[in-house]
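User: Could you walk me through this structure and tell me how each label is earned? I like to see the rule next to the value.

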Amino acid sequence: MSLHDFFIAPFAYNFMARGLGSALLLGLSGGLLGCVLVLRRLALMGDALSHSLLPGIALAWLIFGPSVTALFMGALLAGLLTALGSALLSRLTRVKEDAAFGSLFIVFFAAGVALVSKLPTRMNLTHVLFGNILGTSNTDLGIAGIISGLTALVFVVGFRGILLQTFDPLFYRASGGHGGWVHIGMLSLTVLNLVAALQTMGIVLALGLFLLPAVSAYLWCDHFARMLLLSAGIALASSAAGILLSYHAGLASGAAIVLCLGAVFFVSVLFSPRYGFISRILTAPKRSLSA
Amino acid sequence: MQAFTVPAHAPHHILRFRNVTVCHGRTPALEGVTLDIPCGSSTALLGPNGAGKSTLLRAILGWHPLVTGEILLGDAHPHHQLPRLAYLPQRQSIDWDFPITVRAVVEQGRYPSLRFFQRLSALDHQRVDRALDELGLVELADRQISQLSGGQQQRVFLARALAQGADIFLLDEPFGGLDLLACEELTHLLRTWVMQGRTVLAAVHDLALARSGFNRGVLLDTTLVAAGPIAEVLSPDNIDRAFRRGRAARQNPLHLSRTTEFPS
């Protein structure tokens, strides 16, 4: 098989090209946002958020029927309510942000399940859970493009604010920054990306794009900017590799992408020169001597 | 370095508290505090836990709504003069595993004065270099921040405050978790800063450290107990009033003997 056959030929099919495009776009923004979530210890937030989208989707279905735009807006609204609601709760009450998130998403999920049981036709939830990246429509690709572009733009323009708010929110506030807005911006972008990814990759696999590149990059970098770039790079490379893998090996595409991300993650965990498992074992005796 | 050219007791160089009351929920954290802090001095904020030391620092930054009174730096509210103020949070609030180097943290001091898309200029880099140099961090500049000792970590954040170009430093428990040598280093450094005309206002727990390292003191127990030269403020009588009156005398849940000696 020639290189051309391996790398280029698969994308002669339109659905393959669209699938790749959407994976690359969402990978880029997921890789960037994931870094902030991982560093703020909100890594499980995506998981919580994904459950909270259900009532929005069910309600939109109940009112407007299976229209893509309605479902998108419904999911977006439910996600934003959960994210901003818990940010607000944690600031106005004693409840910490993780507990606020946990409580709200469970209530939302219950509302979603209750609404689904009211639906006249049975809603097919497997699509929401697993998605189908090769079924990406031009509309989906357009939405992914807008959201990914917006995310990248926010990171370029607001880099310093994002860094300060993530690293030392008290200093940011003391020097006149509006940390609350940065936080709300990050949460809103996370919801937007998650909803966009839901259409194509499915919830579970979309979470992979948020977490795995960021955690992998975290193990290699001592600079915030480099971590962002590496994370986005890992997400892009794994998306392309995953799509190719799925084509040549006949695997489900979303799963193939996440498997590639997982491979990068395990290599990083084991072999990262400073923070990996193996280097920790090798340097352990020295540490105990100097301590 | 504004403070060199301006006499230290010019009116815009006094931090004034007039009848300041701050509440957390319904509990008053500061009550009717009236106090002048002259700039160009080092002032230790002292008092038992919950006396309002941190609250006082944060109130200066405008983080707590004042129930009564006002805080003025010169004739304006200090939170309108944020570039003059540098705030150093408690060490525990930092994630030391964050992917960031010493130099990058000190560069953050220049961020507030930059506009969108404006990059650090040669002058900014110069200030960062000077701050690193003044705090003896040049050799460590490329290290990730977890690879430093506690004292070095504290100096990184002091260097950031310095790079900011502030002349008033608000330090929340800067000695927390530092060993003896690091405490001495820090005391020495703060004294040098004050000699250069800078102002240091620090929440301090250790009375002996406050006595040796600061020239003024403010003793709080929600209300103001005493303020002035450190030796006068830390009289046995004042210490007794601040540390025993509020808590120990009225309620002593652990039934501790009340014979604890305060160093004097």
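Analyst: Happy to help; here is the ground we stand on, followed by your questions. This is a predicted model, in which local features need pLDDT of at least 70, side-chain atom pairs count only at pLDDT 80 or more, and totals for chains, interfaces and linings use all residues. Residues are numbered from 1 along each chain as its sequence is written, chains are lettered from A and ligands numbered from 1 in the order written, and side-chain values use heavy atoms, without hydrogens and water.

User: Why is B:Cys183 called buried?

Analyst: Buried means under 20% relative accessible area, exposed means over 50%, and partly exposed lies in between (1.4 Å probe, protein chains only). B:Cys183 has 9% relative accessibility, so the label is buried.

User: And what makes B:Cys23 partly exposed?

Analyst: Its relative accessible area is 30%. That value falls between the two cut-offs, therefore B:Cys23 is partly exposed.

User: How many disulfides are there over all chains?

Analyst: Zero. To count, a pair of cysteine sulfur atoms would have to be within 2.5 Å.

User: What makes the meeting of A:Asp168 and B:Arg160 a salt bridge?

Analyst: The rule asks for a side-chain nitrogen of Lys or Arg within 4 Å of a carboxyl oxygen of Asp or Glu. Here the N to O distance is 2.7 Å, so the pair qualifies. Between chain B and chain A the count is two salt bridges.

User: Which residues of chain B does A:Phe167 contact?

Analyst: Contact means heavy atoms within 4.5 Å. Leaving aside neighbours within four places in sequence, the partners of A:Phe167 include B:Ile94, B:Phe98, B:Phe157 and B:Arg160. Across the two chains, 31 residues of chain B are in contact with 24 residues of chain A.
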